[in-house]
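Me: I should like a close look at a single part of this protein, set in the context of the whole chain. Please keep the answer connected and formal.

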Amino acid sequence: MYPNQPAQPYPNPYGTQVPPPVRRRWWQHPALVIAALVVLPPAGIALAWLSPWSGPKKILATALSGIWFLLPFFGDPPAEKKDDDAKAKTVASASPTPAPTTVSPSPTPSPSADVVMPNVVGNAFSEAEAAVEALIDGELRAGSAYADVSLPADHATWIVCFQGPAAGTRLVPATADPNVDLVTPGTKCPAATGTVLRPTQSPKPTPKPTVSPKPKPQPVRTTPAPEPTRDEPDNVYYKNCDAVRAAGAAPIRSGDPGYARHLDRDGDGVGCER
């Protein structure tokens, strides 16, 4: 061979030409691609698909890098969890649990307590109620001083006429049951409770009229009129109304020839009118 003549490739004994070796770029180095897949998965995935790796390796590298990239989004960051735990410990140490306090029951007033019934006669019910109920556990009962006057629901301005018990009577707050009787403002108190304010006057009975007995009717004797005789030619006699109608004289009136009382049954002076 001459010095300036290029070297000839070694001949392939099988008669096929061997392809020249592929020159790798610096960004296709496997170490760099793996580091990018771990540190910056999107860039690492792009470099993996540009590298001369086989198809299955590219798919596996893409799947693992994608899982590694999305894993922080599916769980709480460890740093934040530690911060929450630290805050909870700080709050717990700052607010100590208060010690339970023992509440002693309020003493029950004894029957000998110096509580007396005040004098509320002449006051409005609202004032009497405030004065009495401040001393006892129950309520002040109210009623009407007049038996015929009903007590309305709103009787705060009614005046007290009677009270029970009397003023100065000792009261037991737990069992006391005082009461008052009231009248409307401007109405005079009665002499005693239960009095009727407007007594109703009973009407005087109307005298019954005396009925004198009716006299018994005396029987009236009537003298029958003499019947006309047939001997008199001027007189006409009808035995009954059929005879009058047959003679064509119906109705027959008083004064007509042949009129008789037996023909006029109602006595109105007209006979055989029907």
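Over which residues does pLDDT stay under 50, and how many contacts beyond four places in sequence does the model have for them? Please then turn to helix α5 and describe which of its residues are buried and what they pack against.

Reply: The model is a predicted one, and the stretch in question is residues 228–233, where pLDDT stays under 50. For these residues the model has 4 contacts beyond four places in sequence. Across the protein chain, pLDDT averages 75, and 64% of the residues score at least 70. Among the secondary-structure elements, helix α4 (residues 78–94) has the lowest confidence, with a mean of 59, whereas strand β3 (residues 179–183) has the highest, at 94.

Helix α5 belongs to a chain with 6 helices and 5 strands. Read from the N terminus, the order of elements is α-α-α-α-α-β-β-β-α-β-β. Helix α5 covers residues 125–133, and its buried residues are F125, A128 and V132. Viewed down the axis of α5, these buried residues fall within an arc of 60 degrees, and they therefore line one face of the helix. The general geometry agrees: an α-helix has 3.6 residues a turn, so residues three or four places apart point the same way. The partners of the buried residues of α5 are three strands, namely β1 (141–144), β2 (159–164) and β3. Of these, β3 is the element in which confidence is highest.

The nonpolar surface offers a contrasting view. A patch of about 650 Å² is formed by I34, V38, V39, L40, W68 and L71. Helix α1 (residues 30–39) contributes the most to this patch, with 3 residues. V38 lies in helix α1, and its relative accessible area of 48% makes V38 partly exposed. A46, in helix α2 (residues 41–50), is likewise partly exposed, at 41% relative accessibility. A46 and V33 are separated by 13 residues in sequence, and their C-alpha atoms are 9.0 Å apart.

For the chain as a whole, 19% of the 274 residues count as buried. The exposed surface of the protein chain is about 22,300 Å², of which carbon and sulfur atoms supply 60%. Of the contacts with a separation of 6 or more, 53% join residues 24 or more positions apart.

Technical notes:
Residues numbered from 1 in each chain as written. Predicted model: local features only at pLDDT ≥ 70, side-chain atom pairs only at ≥ 80, totals over all residues. Heavy atoms only, no water. pLDDT = per-residue confidence, 0-100. Helix = DSSP H or I, 4+ residues; strand = E, 2+ residues; numbered from the N terminus. Contact = heavy atoms within 4.5 Å. Buried < 20%, exposed > 50% of the residue type's maximum accessible area, 1.4 Å probe, protein only. Arc of directions from axis to C-beta. Patch = residues over 30% accessible without salt bridge, like charges linked within 9 Å, V, L, I, M, F, W, Y side chains within 5 Å. Areas by Shrake-Rupley, 256 points an atom, 1.4 Å probe, with all protein chains shown as cover. Salt bridge = Lys/Arg side-chain N within 4 Å of Asp/Glu carboxyl O.
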